[in-house]
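Please load the model and set the display to a cartoon with side chains available on demand. The tour proceeds by selections, each followed by a description of what is found there.

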Amino acid sequence: MTDAAEGADHFLVTQIRAGDQPAWRQLIERYSGRLLAFARTRAPSLSDAEDLVQETFVGFLQSLGNFDESRSLETYLFTILRYKLYDVLRQRKLKTISEPTDEDLWWDRVAPGTEETPSGIAILEEAQQQQERLLSDILRQLIHELRDRGAFGDLQVIELIFYGGKRNLDVADLLEIDQKAIAGVKFRAIQKLQKYLGERDPDAVACLDESSADVTVARVWRERRLTCLKRGTLGSYSLGALDEPWKSYTQFHLDVVACPMCLANLTDLQAEEEEWQPADTERMFASSVGFLSRTQ
């Protein structure tokens, strides 16, 4: 997500906190399509998917007082939806997605409606927050450095290792690359991260030890969505207008990494070009706006 998009989200949240109905409508219009695209592929029926998205927006308002604006709004909404989807499938004794747990690295640990609030679960101690921001910065530095010099092959390797938690052997099989080459890419990436950390905060180098660190590379990469694709990039890919090497990398992120939120965004964008039933944003707004006054 771009800085401009994050800024727009923060502005909307600020307005919604003040009870602004047009801002609430705009947030629903902004996110309902991609949330519905995600729910449609997992819910028992279209009506169930629509109800789940509607409940997601209500759940967001109910937990708004504890929403940490340093985190991605989109990730937060998808997290709420995933919990609600899991509950529905479990109650009906249908095949479920994996149960959200405290060790789940992909989704923020947020379960609106429970005694534990999002802030109580997701907000770390100040020292951990600083470490998380630092890790996020140096990972972005590494990712941008690889992109700038066109080293998308190396980026794919470290994304599968750091983000996907894959072993060197698994990455070698997926990318059809020699395992020694995979190990070399990983070693050089860790060296660069250590160098970046040393330049910023020498005492923080230990956080690269995944076995003991409270704030890990994998968790930061996933929660901050460091390699998620912009909607503009996904739109160009859908239209066949994306040039190499971004075309191949986008296909890798969608097909190999299988990022669920990027896939939902792509489906939402493709729906605009097809005869696919869009989200009923007006119904979702009408059913949830009554909760808006309770957020103030």
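Select residues 260-271 to begin: this is helix α13, with 12 residues. In this predicted model, the helix reaches 16 Å from its first C-alpha to its last, close to the 16 Å expected at 1.5 Å a residue. Colour α13 by accessibility next, and the helix proves mostly covered, with nine of its 12 residues buried. The buried residues are Pro 260, Met 261, Cys 262, Ala 264, Asn 265, Leu 266, Asp 268, Leu 269 and Ala 271. To see what covers them, display α2 (21-40), α4 (73-91), α11 (231-238) and α12 (246-255), which are among the covering elements.

Move to the loop between α12 and α13 and select Ala 258. Its phi is positive, about 55°, although the residue is not a glycine. With a relative accessible area of 36%, Ala 258 is partly exposed.

From there, select His 253, which lies in helix α12. Is this residue buried or exposed? His 253 has a relative accessible area of 0% and is therefore buried. Leaving aside residues up to four places away in sequence, His 253 touches Glu 159, Thr 227, Cys 228, Leu 229, Ala 258, Cys 259 and Cys 262. The list thus includes Ala 258 from the previous stop. A distance label between the C-alpha atoms of His 253 and Leu 160 should read 9.6 Å, for residues 93 apart along the chain.

Two further backbone features merit a selection. Glu 244 and Pro 245 are joined by a cis peptide bond, with omega about 5°; Pro 245 is placed in the loop between α11 and α12. Arg 225 lies in the loop between α10 (217-224) and α11. Arg 225 has a positive phi of about 55° without being a glycine, and its relative accessible area of 8% makes the residue buried.

Now display α7 (residues 152-163) together with α9 (residues 179-200). Two packed helices are described by the angle between their axes and the distance between the axes. Here the axes come within 10 Å and cross at roughly 80°, which means that α7 is roughly perpendicular to α9. Show side chains for Asp 154, Val 157, Ile 158, Ile 161 and Phe 162 on the α7 side; they meet Ile 182, Val 185, Lys 186, Arg 188, Ala 189, Ile 190 and Leu 193 in α9. By class, this contact has nine nonpolar, no polar and three charged residues.

While α9 is displayed, select Gly 184 within it. This glycine is buried, at a relative accessible area of 18%. Its C-alpha atom is separated by 9.7 Å from that of Asp 154, 30 residues away along the chain.

Asp 154 also leads to the charged pairs. Side chains of opposite charge can pair when their charged atoms come close. Select Glu 145, Arg 149, Asp 154 and Lys 192 to display a network of salt bridges. Within this group, the side chains of Glu 145 and Arg 149 meet at 2.6 Å, N to O. Glu 145 is partly exposed at 22% relative accessible area, and Arg 149 is partly exposed at 48%.

How many salt bridges does the structure hold? There are 16, and two others deserve a view.

- Glu 74 and Arg 34: their side chains meet in a salt bridge (3.2 Å, N to O). The pair links distant parts of the chain, with Glu 74 in helix α4 and Arg 34 in helix α2, 40 residues apart. Both Glu 74 and Arg 34 are buried.
- Asp 51 and Arg 283: their side chains meet in a salt bridge at 3.9 Å, N to O. Asp 51 lies in helix α3 (residues 46-62) and Arg 283 in helix α14 (residues 281-288), so the pair ties together parts that are 232 residues apart in sequence. Asp 51 counts as partly exposed at 34% relative accessibility, as does Arg 283 at 29%.

Finally, return to the whole protein chain, which has 14 helices and zero strands. Of its 296 residues, 49% count as buried. Among contacts between residues at least 6 apart in sequence, 69% join residues at least 24 apart.

Conventions. Residues numbered from 1 in each chain as written. Predicted model: local features only at pLDDT ≥ 70, side-chain atom pairs only at ≥ 80, totals over all residues. Heavy atoms only, no water. Axes fitted to C-alpha atoms, helices over the stretch in contact; angles between N-to-C directions. Helix = DSSP H or I, 4+ residues; strand = E, 2+ residues; numbered from the N terminus. Parallel < 35°, antiparallel > 145°, perpendicular 65-115°, else oblique. Contact = heavy atoms within 4.5 Å. Nonpolar A, V, L, I, M, F, W, Y, C, P; charged D, E, K, R; others polar. Expected span 1.5 Å × (residues − 1). Buried < 20%, exposed > 50% of the residue type's maximum accessible area, 1.4 Å probe, protein only. Salt bridge = Lys/Arg side-chain N within 4 Å of Asp/Glu carboxyl O.
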